[in-house]
Amino acid sequence: MLAASRDFMANARAGLANENLQRALGRARTGFPLRRHLAVERLPEFEELREAGRSIKDHTLEYLDFYLEHYESNVVASGGKVHWAGTPAEACAAVLQVCRSVGAKVVTKGKSMVAEEVGLNDFLDANGINPVETDLGEYIIQLRHEPPSHIIAPAIHLVKEQVADTFRAEHRSLDPDRSLVEPRQMCDEARAVLRPRFLAADVGITGANFLVAETGSSIIVTNEGNGDLTQTLPRVHIVMASIEKVVPTLEDAATLLRLLARSATGQEFSSYTTISTGPRRPGDLDGPEQYHVVLLDNGRSALLGGDFQDMLRCIRCAACMNHCPVYSAVGGHAYGWVYPGPMGAVLTPSLIGVEQAGHLPNASTFCGRCESVCPVKIPLPKMMRHWREREYARKLSPPVYRTGLALWAWVARRPALYHALTGLASRVLGWAGGYRGRFRSLPLANGWTKARDMPAPEGRTFHRLWTERSR
Amino acid sequence: MSDARERILAGIRSSLGRGSVDADAKAQLRARVATHRRNQIPARAMVLDEAGRVDLFVAMAEEVQATVARVPSLASVPEAVAHYLATENLPAELVVAPDQNLDAVPWGVRPLLQIHRGRARAEDKASLTSCHAAIAETGTLMLMSGRHSPTTLNFLPDTHIVVVRRDQVVAAYEDGLDRLRANNAPGKLPRVVNFITGPSRTADIEQHIELGAHGPRRLHIVLVEEPEAMRSVEDDGQRGELAQ
Amino acid sequence: MRVALFVTCLVDLFRPTVGFAAVKLLEEAGCTVEVPRAQTCCGQPAYNSGDRADAKAIAMQVFDAFAGYDHVVAPSGSCAGMLRLHYPELFADDPVNLARAQALAPHSWELSSFLVDVCGIEKVTAQWDRVVTYHDACSGLRELGIKSQPRQLLASVAGLRLKELPGAEVCCGFGGTFCVKYPEISDKMVTDKEADIVATGAEAVLSGDLGCLLNIAGKLFRHGRRIEVRHIAEVLAGVTADVAPIGLPRSG
């Protein structure tokens, strides 16, 4: 997917001004945290599970090469094939090659952020294959030619009227006078429209929440059942997954699964958690004849052993963005790429470079709410700070901030001078603002006073008053 | 493609500042995988007594909008199913898994119920399967694919009915995994293991939860109380088929 | 106990009242309070901007100025968090300064936490007849675990009734330089905070960090709200009658 992260400021402003988006976000801002909170309250062991989850992931990352090779050998032993892809181009080429080898005409897709990352849909379109998104949210945004704005609820930015408008515009064979007011009606319509596509598909592409080294299995977690129909009905199942999805055993997956749904939607467990291992067995009455896994690196191996390794623990639950006040203000599209919110703020610069994505780790107050809800305890603010350090070292931040900061720091390291200057500032501002107690506008502080008053200083600094008092 | 493989593995090792994992470490890692030790199990899933497990399973399943009917024996299944379909105003038609465990169900007592056995066809509105285990922890059904249990039965029809016998109810996911390994040769898992918790749903439109997104709109569980009603036919049967 | 007051740059410049209230509370708790003169800031603006060098230089200045006290107390969770958690991280590769950071860290406290957790204060003698709501400043909450301590102390203020703020733990949008770098997003966040505060019907809003309070007060005033904004120290020290709330003309 082409990145628009450079345009964060403009996109953020657009998001703030978008009434439909603000309505949608308002709903999500209270809904998700409440549901997660209730699920966590209900499971006394949740904190211990977070620690266990972190530990499983850390161990796996330390031996990622071993686990990937072990995983691959078990995929092959169960009749599947692994295609290693270092780059998006290699991943797309692998998928195309498999599709072409079976003369695929109809391809269905479950939700896959990795597929978004490599731009699979556009690539396949350009090569004469039109993949059909089957996750309801992904289907809606596919019709609208929009990217996803959330990693588990891709159409979260829309209100139902927008969905209805889209269905009316795109489902042209249906009765134009039909009622499309309630989500129930739209859901039924999508179900009816997509069912024949599921049945006609030659190839089904899914993502994977986990890959299990012990058995060579992939695990998908859905609520709709679309992932299961996508992988069971066609002749070929292709799994797209990034290398850090591997975990050692089924038991390790069970631990992480206990964290995933609760963190994501507040459910105890998702409606469908499916462990898939290879193609159909002799005697099976259904299932794909071929099972392929496309394993994507795309910069992840480079994160190991460095400041950003912990980001590879991520299990894609979206709790961070659900609790992030910045995400809740501007929405996912502002981040400009596949991964929004706090995890996107760390991962995006890692994958596409901080020159393009520098705004993302800067647009944070470091409130820390993301880290506090991350099921695998990723220190997100710390890693955003590391990105800021890199930008600072490479002089990527705007000169006005760098100069201002340097000046301020220079003064702060000279207490006597600092006290003299702040004493002066306090007097001047205290006098100027003293009548009203605050400023409606203040030169050089436009960013602040455009939207808020600035309370006036009291007129003397604490240090000055303390010194006077001590005399 | 193998070039990419080497590049990626080399990249991992280089980032971690080492060469390949040495023989000793590999042996330890293999052992860790082979042991597949359980991590912490929540206290809720450590209900040891069978009655407690069953009650928890039913309560959790109902919480996620599955419906549960408790019947005394396999012989009561046709009546329970016919009753359910009628109550839901559904046609008296069913595709039943070609599962030996269900062979003993006396469908004849409900002759108006039209049964065919096999995989699901596009037009099938209701299916009936057995399951591999029922997990009390979250009211989750565990189903395996196989010649007796085509996966399409779990997803294509609008209504999915699952026959669970009392002694299939286990406490935690890990208990289900133990069963899975016990019933399949090492390295010979079924193609698919489905963990199903309630009917299909979506909240993709304004966070409104709607049931029946693509999978079944209704999940009905018929819990057979009689122990050993369908004594491990599937288990022995499956095992017998697999090369040892 | 010999306690050094870490004034914080915002209190020093904008609201010395808070510093004096803190001194009063500490003295009433039996501490001898000194205010090292050679302090300016904790260095967080540099640290959060990725300028580790300046952050370290300022930190070393703090080590010098605050050496030799039993405890260092700041009327701010974010400054206390800097000393307690981030200084050791800053010097992870520098054994000599790491030792200094590790010596300072466990003795660095946010005010309400110091009073309750170290001094064992359960009650204050202040009186303030108000319906009040409380905003949990992010650093104090998440870095230092400050949640119950302010509430325990406020519960002992005669006449004060606390109404919990929905979204008390949601960031107000100040975030140091964030509010000037991303002003529209900051504005949205503080507007949401304002709506939550107004919805409680409270007459006053308190918090433990002046940055948040300046931000919240600025927004409330811009919208003409008559809700008093004060630092919790002022209320606990019982000086509310002597000093106007944030953003109103000084009295006395």
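Let me start with a strand pair that crosses between chains: β9(A), residues 272–276, and β9(B), residues 192–196, run antiparallel and are joined over 5 bridges. Within that pairing, T273(A) has F195(B) as its bridge partner. Keep in mind that this is a predicted model.

That strand pair leads to the contact between chains A and B. Here 79 residues of chain A meet 64 residues of chain B. On the chain A side, helix α10, residues 183–200, makes the largest contribution, with 7 residues. By class, that side of chain A holds 34 nonpolar, 26 polar and 19 charged residues.

Chain A also touches chain C. That contact takes 51 residues from chain A and 59 residues from chain C. Several elements of chain A supply at least two residues each, among them α1 (8–17), α19 (380–393), α20 (399–412) and α23 (462–470). Which element gives the most to this side of chain A? The answer is α21(A), with 6 residues. The composition of this side is 26 nonpolar, 12 polar and 13 charged residues.

Now the domains. Chain A is assigned domain 1, covering 5–301, and domain 2, covering 407–470. Their centres, taken over C-alpha atoms, are separated by 53 Å. Chain B is likewise assigned a domain 1, at 1–37, and a domain 2, at 43–241. For chain B the C-alpha centres of the two domains lie 40 Å apart.

Next, a piece of chain C. Strand β7(C), residues 204–207, pairs with β8(C) in the parallel sense, over 4 bridges. A204(C) stands opposite E228(C) in that pairing. Between them in the unit is helix α12(C), residues 210–222; β7(C), α12(C) and β8(C) make a right-handed β-α-β unit. Are the residues of β8(C), 228–231, buried or exposed? E228(C) and R230(C) on one side are buried, and V229(C) and H231(C) on the other are buried too, which leaves both faces of the strand covered.

Last, the core. In soluble globular proteins, nonpolar side chains tend to be buried together. In this model the largest nonpolar core has 290 residues. Those with the most contacts inside it include V95(A), M240(A) and C320(A) from chain A, and A22(C), V73(C) and L236(C) from chain C. Helix α12 of chain A, residues 250–264, gives the most to this core, with 9 residues. To take one of those well-connected residues, C320(A) touches G341(A), P342(A), M343(A), C370(A), V373(A), C374(A) and L380(A), leaving aside residues up to four places away in sequence.

Note on methods. Residues are numbered from 1 along each chain as its sequence is written. Chains are lettered from A and ligands numbered from 1 in the order in which they are written. This is a predicted model: local features need pLDDT of at least 70, side-chain atom pairs count only at pLDDT 80 or more; totals for chains, interfaces and linings use all residues. Domain bounds come from an automatic or database domain assignment. Two residues are in contact if their C-beta atoms, placed from the backbone, lie within 7 Å. Ala, Val, Leu, Ile, Met, Phe, Trp, Tyr, Cys and Pro count as nonpolar, Asp, Glu, Lys and Arg as charged, and the others, Gly among them, as polar. A residue is buried if 20 or more other C-beta atoms lie within 10 Å of its own, exposed if 12 or fewer, and partly exposed in between; C-beta atoms are placed from the backbone. Two strands pair if DSSP finds at least two bridges between them. A crossover is right-handed if, with the strands pointing away from the viewer, the path from the first strand over the helix to the second runs clockwise. A nonpolar core is a set of buried Ala, Val, Leu, Ile, Met, Phe, Trp, Tyr and Cys residues joined through C-beta atoms within 7 Å.
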